[in-house]
Each structure stands twice: as structure tokens, then as C-alpha cells.
Amino acid sequence: MSGLAFVRMARAVRAQLGSDHRTAHVLRVARTAARFARAHGIDAERARVAGMLHDLARLYSADRLLRECERRGMPIDAFERANPIVLHARLGAELAREQFGIDDEAVLSAIRKHTVAAEVMSPLDEVVYLADGLEPGRDFTGRAALASLALRDRDAAMRGVLASSIAYLTRRSLDVAPQTLAAAGRYGLGKEQRSV
Ligand SMILES: Nc1ncnc2c1ncn2[C@@H]1O[C@H](COP(=O)(O)OP(=O)(O)O)[C@@H](O)[C@H]1O
């Protein structure tokens with residue numbers, strides 16, 4: 001994608017997200033995902049596009065997320081029904097397809113998995129998930145160290161981000177998605193870090 005095409009995409013995303021805060025986040029995720037991708041010999045362009053488009057449905061209300069997923073005939077599991085916020089990732093992939101013409105399954109998969117992760121993740125899925133969790137606007141102890149780890153060792157960085165996400169949700173007494181727990185097992189997180 002040319003620089004101009006990317007700027008156009010960024011403008012359309014800004015119009016959709018309607019807040020400087022959210023737009024700044026997706027731009028940082030796009031930049032961070034491209035940097036992580038380059039470090040691992042993964043297609044940086046795909047990472048940049050997935051980063052740019054990952055949060056298209058992030059500002060939708062719970063009702064709207066459920067309604068729009070139902071309207072498209074998307075299956076909704078029990079966890080998603082109880083916690084519709086996580087649907088913004090799967091619906092976001094559909095919006096990327098419909099509004100931006102993205103038909104690259106690898107990019108769509110990375111958008112779908114960016115919030116709760118999954119037991120099976122491609123290298124592109126991983127760098128987008130890591131970029132969302134570790135972009136420089138995130139503020140938690142150890143972020144910078146994990147971001148530099150993500151340039152060298154994706155598995156170790158995945159363990160770190162999954163652990164920090166599970167700890168964050170647990171502190172707030174929020175349920176952890178089953179896909180996140182499956183990913184934690186797959187990446188070898190210790191049992192004590194998985195318990196909720
Ligand atoms: N792994 C998860 N399991 C269950 N709920 C989650 C998970 N990750 C995020 N959430 C929920 O989705 C919300 C939005 O997540 P996310 O998009 O990562 O946050 P942010 O708004 O900081 O970008 C969180 O505040 C939390 O309520």
C-alpha cells in the first residue's frame with residue numbers, strides 16, 4: 001500500500017473512531033506492529049494495516065455489538081453473550097472487509113484475535129496482539145521491557161502480555177475469555193498465572 005493510500009485509510013479510521021485518543025492508539029498499534037513484524041521477518045505491511053483497522057468496532061455499545069453480529073449471522077458464544085465488549089474484535093474484522101475491502105485472511109485473522117488471543121495464532125496474529133498490548137501509550141509496569149522482548153522472543157512476550165492481561169482482568173473481577181486461557185496454556189504460562 002502506498003503512503004498516500006495509508007494516509008487515506010488513517011483518515012477514514014479517524015472519521016469512524018471520532019476521538020483523537022482512540023485514533024492515536026490505533027496509529028501507535030500500526031507502527032508498533034510493523035516494527036515487531038520487521039524484527040521477525042513478517043510482512044510489515046499486513047501488520048500495519050491490521051493495526052490500523054483492529055479497533056473499528058471498539059466504540060460500539062454492547063447492544064450494538066450483539067445486534068450487528070447477529071445481523072451478519074455470526075455465531076456468538078456464551079462468553080461473548082455475557083461480555084459483548086470482546087465482540088469488537090470479530091466484528092472489527094467484518095467492518096475491515098466491508099468498509100475497507102480487506103480480503104486478506106491473514107490480516108482479518110489478526111484483527112479477530114487481537115483482544116482475547118487464541119490457542120492457535122499465526123506469527124502475524126501474535127505481532128498484532130503484542131502491539132495492541134505493548135504500544136507506547138499503554139501504561140503499566142514492565143511495558144517497555146516486554147516491548148523490547150517482543151522484538152527478540154515472541155513466545156516469551158506472548159506469555160508476558162497474556163499474564164498481564166489476565167492479572168488486569170482478575171484485579172477488576174472481570175471474567176477472562178476461554179480463548180485467552182487456552183492461549184495461556186498453549187504458550188506455557190504457569191498454572192498460578194492462569195488461575196482466575
Ligand atoms: N482476554 C480478555 N478476556 C475477557 N475480556 C477481555 C479480555 N481482554 C479485554 N477484555 C475486555 O475488553 C475490554 C477492552 O479490551 P481492549 O480492547 O484490549 O482494551 P482497550 O480499550 O484498552 O484497548 C477490556 O476492558 C475488558 O473488559
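Read along the sequence, the protein chain of this predicted model follows the pattern α-α-α-α-α-α-α-α-α-α-α-α. The chain thus presents 12 helices and zero strands. Along its principal axes, the C-alpha trace spans about 45 × 40 × 30 Å. The radius of gyration of the protein chain is 16 Å, which agrees with the value near 16 Å that a compact globule of 196 residues would have.

Packed helix pairs were examined next. Two packed helices are described by the angle between their axes and the distance between the axes. In order along the sequence, the pairs considered here are α2 with α3, α7 with α8 and α9 with α10.

Helix α2 (residues 20–39) and helix α3 (residues 44–53) have axes that come within 7 Å and cross at roughly 160 degrees. Because angles over 145 degrees count as roughly antiparallel, α2 and α3 are roughly antiparallel to each other. The crossing of α2 past α3 is right-handed. On the α2 side, the contact is formed by Val-26, Val-29, Ala-30, Ala-33, Ala-34, Phe-36, Ala-37 and Arg-38, which meet Ala-44, Ala-47, Arg-48, Ala-50, Gly-51 and Met-52 of α3. By class, this contact of α2 with α3 has 11 nonpolar residues, one polar residue and two charged residues.

For helix α7 (residues 105–112) and helix α8 (residues 123–134), the axes come within 8 Å and cross at roughly 40 degrees. This angle makes α7 oblique to α8. The two helices, α7 and α8, cross in a right-handed sense. Ala-106, Ser-109 and Ala-110 are the α7 residues that meet Leu-124, Asp-125 and Val-128 in α8. The contact of α7 with α8 has four nonpolar residues, one polar residue and one charged residue.

Helix α9 (residues 143–150) packs with helix α10 (residues 154–171) at an angle of about 150 degrees, and their axes lie 8 Å apart. The helices α9 and α10 are therefore roughly antiparallel to each other. In this pair, α9 passes α10 in a left-handed crossing. From α9, Leu-146, Leu-149 and Ala-150 meet Arg-154, Ala-156, Ala-157, Gly-160 and Val-161 in α10. Six nonpolar residues, one polar residue and one charged residue make up the contact of α9 with α10.

The surroundings of the ligand were also determined. The residues around the ligand are Arg-58, Asn-83, Ile-85, Val-86, Thr-115, Val-116, Ser-165, Leu-169, Leu-174, Val-176, Ala-177 and Thr-180. By class, the shell around the ligand has seven nonpolar residues, four polar residues and one charged residue. The nonpolar residues of the shell include Ile-85, Val-86 and Leu-169, while Asn-83 and Ser-165 are among the polar residues. The charged residue is Arg-58.

Methods. Residues numbered from 1 in each chain as written. Predicted model: local features only at pLDDT ≥ 70, side-chain atom pairs only at ≥ 80, totals over all residues. Axes fitted to C-alpha atoms, helices over the stretch in contact; angles between N-to-C directions. Helix = DSSP H or I, 4+ residues; strand = E, 2+ residues; numbered from the N terminus. Parallel < 35°, antiparallel > 145°, perpendicular 65-115°, else oblique. Left-handed = near helix turned anticlockwise from the far one by under 90°. Contact = placed C-beta atoms within 7 Å. Near = placed C-beta within 6 Å. Rg over C-alpha atoms; globule rule 2.2 N^0.38 Å.
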